[in-house]
Amino acid sequence: MVSAELRVGEAIIDLLTREYGVDVVFGIPGVHNIELYRGLHRAGVRAVSPRHEQGAGFMADGWSIVTGKPGVCVLISGPGLTNALTPIAQAYHDSRPMLVLTSTTPTDALGKGFGPLHDLPDQAAVARSICAFSETVTDPSRLPALIERAFNVFSSSRRRPVHIAIPTDVLTQKCSPFARSHAATMHDEITTDQIARAVEIIDPAQSPVVIAGGGCIDAGSELVAFAETLGAPVLLTGNAKGVVSSSHDLCAGNCLVFGRVQREIESADVVVVVGTELSDTDLYNNGRALNFAGKVVRIDIDPEQINRRTTPTIGLVGDAATTLKRLTENIRKRSTDAGRQRAGEWRDHARTRTNVKFVPWLRAIEENLPGDAIVALDSTQLAYSAHWWLPATQPRSWLAPYGFGTLGCALPMAIGASVAAPSRPVLAIVGDGGWLFTVAEMAAAKDLNSNIILLLWDNSGYEQIRESFDDVDAPRLGVDVSSHDPCLVARGFGWQTTRVDTPEQLAQVLATSFATSGPKFIRVAAPR
Ligand SMILES: Cc1ncc(C[n+]2csc(CCOP(=O)(O)OP(=O)(O)O)c2C)c(N)n1
């Protein structure tokens, strides 16, 4: 019998480190969550300090993409959580794991409207719609089962964030160390008969195509083996960039947004759709769902997703890696010639359709990007074409706001990525508008001496939105904003800073920047 020796706040962190391997968290301490921080200190967990909880969430998300593990945030009650809602929603939208631990109002005041500090009417409810589950825990004996449930979500279903709020009086209660709860997970195995039916559909195909999404992030080798056996070109969504190397002949890259490519997919006789919502943020075609003329084999871990946006000829609800492997073992092997040709045509099409305004800048980046680089993109014009133009040769190295489309995520995601992989260079491409959303995290990057190059695409305002106003003949309003003297700001945060005016200068500065470590800021005077 272990004696009561921990506070609940310490016991949660102890459980997370001992049983779930948590060794780094992102968050900001306050009076209310000190017991969680006491636990972090006791367990020797690294606590990364952003300058705003939005930064904590994005760092956790960036860290999670690179490591494949759930990012953990430790936040205070009320504003600690509300400040982090945007990155939590991003992780929800893009199906990524994140564990958010918050303190909340003392038990006797919960939901009573007494107005204690940081109170929300229902803190758990605030996060519920963007989490797999969000719970307030007043009985600490429930915590081990809830943490186990969270890690089951992260490992064996569609990944989503989880939020657990613990009242401050519960965090200070004494308890014995928590034992791990071993809840069962539900797994419906795809049957041999279902695999056989899918193979019957796939084998006669003359022009098969594979579309792979973020659900394939850990299924790269199985996806390549499947495509090589089928001889099919692979189109990747943004969240799958790098899952098949852009140097692979069958990789058509990220050109799903092009009308010609969409029409050719729609006329293929068999399309295998794996781990993707096929959403508007993958297709950018004003919400039009693809209208497949041929047969569709769809693989998704989420039974809710399997019929959304398209009803497949056959839906296989299961893990991408296992299911692709089983299909590969059963389909007939064929030549890759036609598939390679198609992939090449689509890659070329994307390049020729890229706005010439961006091409020399993209080339300067492409020519200098090291093979092991991690790229983080914000929502800025240069980044839009970078999605298909820049290479990505390994998975978990490409970070962008694909689903939620929020500004300001790239810098803190880059910092999280750099915490995960300190020796790899990280390039963040950020617009002058988006940069200011999370500019305070420049201080965090300086503290950490993060190996980040921040390329600021400075067109003095919200250029994409300026163009959107013009497109619909609306008078421009609220779009001509300036960040004044960005280089001075960056220097103030202690970053090495350079201003470039031409693509040639950019190429030179990138070459030297990638050769040195530490945070570096390159302000590009963007053409308009
Ligand atoms: C949180 C949030 N607010 C507003 C927007 C709308 N929005 C999309 S792109 C954009 C312009 C961003 O400007 P900047 O970062 O300078 O990039 P640029 O378009 O100028 O290349 C805006 C305001 C958004 N996507 N996210």
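**Helix H13 and the salt bridges of the predicted model**

At the N-terminal end of helix H13, Asp 319 acts as a cap, with one of its side-chain oxygens lying 3.4 Å from the backbone nitrogen of Ala 321. The structure described here is a predicted model. Helix H13 itself comprises residues 320–330, and its buried residues are Ala 320, Ala 321, Thr 323, Leu 324, Leu 327 and Thr 328. These residues are placed on the same side of H13, because the arc that they cover around the axis is only 170°. The elements that cover the buried residues of H13 include two helices, H9 (192–202) and H10 (220–230), together with the strands S12 (270–274), S13 (295–300) and S14 (314–317). Ala 321 thus appears twice in this description, as one of the buried residues of the helix and as the residue whose backbone nitrogen faces the side-chain oxygen of Asp 319 at 3.4 Å.

Across the whole structure, a search finds 34 salt bridges. In one of them, the side chains of Glu 135 and Arg 149 meet with an N to O distance of 3.5 Å. Glu 135 belongs to strand S6 (residues 133–136) and Arg 149 to helix H7 (residues 143–156), so this pair ties together parts that are 14 residues apart in sequence. Arg 149 is partly exposed, its relative accessible area being 37%.

A further salt bridge joins Arg 340 to Asp 249, with 3.8 Å between the closest N and O atoms. This pair links distant parts of the chain, since Arg 340 lies in helix H14 (residues 337–352), whereas Asp 249 is found in the loop between strand S10 (234–236) and strand S11 (251–253), 91 residues apart. Both partners fall into the partly exposed class, Arg 340 at 33% relative accessibility and Asp 249 with a relative accessible area of 40%.

The salt bridge between Arg 466 and Glu 463, in which the side chains meet at 2.8 Å (N to O), lies within a single helix, H20 (residues 463–471), where the two residues are three positions apart and are therefore separated by about one helical turn. Arg 466 and Glu 463 are both buried, in contrast to Arg 340, which counts as partly exposed.

Salt bridges also occur as a network, in which Asp 14, Arg 18, Glu 19, Arg 42, Glu 148 and Arg 180 are linked.

Notes:
Residues are numbered from 1 along each chain as its sequence is written. This is a predicted model: local features need pLDDT of at least 70, side-chain atom pairs count only at pLDDT 80 or more; totals for chains, interfaces and linings use all residues. Side-chain values use heavy atoms; hydrogens and water are left out. Buried means under 20% relative accessible area, exposed over 50%, partly exposed in between (1.4 Å probe, protein chains only). Helices (H or I, at least four residues) and strands (E, at least two) are DSSP runs, numbered from the N terminus. The arc is that of the directions from the helix axis to the C-beta atoms. Contact means heavy atoms within 4.5 Å. A polar contact is a pair of N or O atoms within 3.5 Å; within protein, one must be able to donate a hydrogen and the other to accept it, and residues adjacent in sequence count only if both atoms are side-chain atoms. A salt bridge is a side-chain nitrogen of Lys or Arg within 4 Å of a carboxyl oxygen of Asp or Glu.
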